[in-house]
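Open the model in your viewer and set the display to cartoon with side chains available on demand. The stops below say what to select and what is there.

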Amino acid sequence: MFRILVVDDDKNTRILLKAVLEAEKYTVFTAENGEAALDIMDREHIDLVVLDVMMPKMDGYEFTQNLRENQNNLPILMISAKQLPEDKRRGFIVGTDDYITKPIDEEEMLLRIKALLRRAQIASERRLTVGSVVLDYDAFTVSRGGETQELPQKEFMLLYKLLSYPGKIFTRIQLMDEIWGAESNTGWETVTVHIGRLRKRFEGWNEFEIVSVRGLGYKAIKNV
């Protein structure tokens with residue numbers, strides 16, 4: 001049974017989300033701000049956090065940054081009424097795993113939670129399987145049958161990220177921030193170059209493909 005912590009300063013939102021998540025058989029804890037959430041995490045094992053941004057005492061950005069600075073990789077789904085690109089970008093820079101805007105589409109939220117929990121399980125195992133293809137995070141290798149390719153670190157991390165979220169579109173800026181770091185001086189064109197190298201490496205590997213989404217970025221498609 002997965003244990004989810006809902007952090008939102010609005011009581012009605014906490015009640016609603018708790019009911020929606022419990023209907024899906026999750027165990028749910030609630031907190032009204034980041035400080036209260038940290039107190040709960042001191043006492044309880046939590047698998048995922050659903051997190052509002054604008055809260056008193058400690059907001060969602062501060063909470064996320066606090067966890068990441070302490071090497072806590074707990075999956076975080078950030079929820080906010082803020083819809084501007086710079087608001088979402090700030091969320092990803094401080095370390096959120098996903099971001100959706102209010103008003104909340106409950107079905108979309110549940111799908112994103114399932115994807116994040118699946119990704120967390122993959123991360124703990126440090127291996128990702130796509131049909132007969134195996135990505136080994138510790139060795140930076142991609143194997144199929146008797147063939148193994150050892151990739152440069154950034155290429156591997158880029159492929160691993162895309163295949164961990166099949167069908168999800170990532171912008172070049174998102175990928176730059178998450179893989180090269182928000183403080184990197186490298187331009188987003190680097191992502192395009194690395195995508196090109198990956199496509200060339202795995203040309204003829206029909207288990208997956210990397211698709212360009214015009215005007216947005218890239219996504220991986222699983223064909224198995």
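Select strand S6 (127-130) and show its side chains. They alternate along the strand: Leu 128 and Val 130 point to one face and are buried, whereas Arg 127 and Thr 129 point to the other and are not. Buried here means under 20% relative accessible area, exposed means over 50%, and partly exposed lies in between (1.4 Å probe, protein chains only). Helices (H or I, at least four residues) and strands (E, at least two) are DSSP runs, numbered from the N terminus.

This is a predicted model, in which local features need pLDDT of at least 70, side-chain atom pairs count only at pLDDT 80 or more, and totals for chains, interfaces and linings use all residues. Residues are numbered from 1 along each chain as its sequence is written, and side-chain values use heavy atoms, with hydrogens and water left out.

**The four-stranded sheet**

Extend the selection to strand S7 (residues 133-136), which pairs with S6 in the antiparallel sense over four bridges. Two strands count as paired if DSSP finds at least two bridges between them. The two form a hairpin with two residues between them, and Gly 131 in the turn has a positive phi of about 65°. Label Val 130 and Val 133 in S7: they stand opposite each other.

Now add the rest of the sheet, which is open, has four strands in the order S6-S7-S8-S9, and is paired antiparallel. Strand S6 and strand S9 (147-150) stand at the edges with a single partner strand each, so one side of each has no neighbour in the sheet. From one strand to the next the twist averages 15°; axes are lines fitted to C-alpha atoms, for helices over the stretch in contact, and angles run from 0 to 180 degrees between N-to-C directions.

**The nonpolar cores**

Which residues does Leu 135 touch, not counting residues up to four places away in sequence? They are Arg 126, Arg 127, Leu 128, Thr 141, Val 142, Phe 156, Leu 159, Tyr 160 and Leu 163, where contact means heavy atoms within 4.5 Å.

Leu 135 is also among the residues that touch the most other members of the largest nonpolar core, together with Leu 21, Met 109, Ile 113, Val 142 and Leu 159; that core has 45 residues. Helix H6 (residues 153-164) gives the largest share of this core, seven residues. A nonpolar core is a set of buried Ala, Val, Leu, Ile, Met, Phe, Trp, Tyr and Cys residues joined through side-chain atoms within 4.5 Å. Apart from the largest core lies another, of 23 residues, including Ala 36, Met 41, Leu 74 and Tyr 99.

**Helices H4 and H7**

Select helix H4 (residues 85-94), where Asp 87, Gly 91, Phe 92 and Val 94 are buried. Among the elements that cover these buried residues are helix H3 (60-69), strand S4 (76-80), strand S5 (98-101) and helix H7 (172-180). Gly 95, just after H4, takes a positive phi of about 125°.

Move to H7, whose buried residues are Gln 174, Leu 175, Met 176, Asp 177, Ile 179 and Trp 180. Their cover includes H4, H6, S10, H8 and S12. Just after H7, Gly 181 has a positive phi of about 100°.

**The three-stranded sheet and H8**

The next selection is an open sheet of three strands, ordered S10-S12-S11 and paired antiparallel. Its edge strands are strand S10 (170-171) and strand S11 (208-213), each pairing on one side only. S10 and strand S12 (residues 217-222) run antiparallel and are joined by two bridges; Phe 170 has Tyr 218 in S12 as its bridge partner. Helix H8 (residues 189-201) packs on this sheet, touching S11 and S12, and its direction makes about 150° with that of S11.

Within H8, pick Gly 196. Is this residue buried or partly exposed? Gly 196 counts as partly exposed, at 34% relative accessibility.

**The whole chain**

Finally, colour by pLDDT, the predictor's confidence in each residue, from 0 to 100. The chain averages 88, and 96% of the residues score at least 70. Confidence is lowest in helix H5 (residues 106-125), at a mean of 83, and highest in strand S8 (residues 141-144), at 95. Zoom out: the chain has eight helices and 12 strands, and 46% of its 224 residues count as buried.
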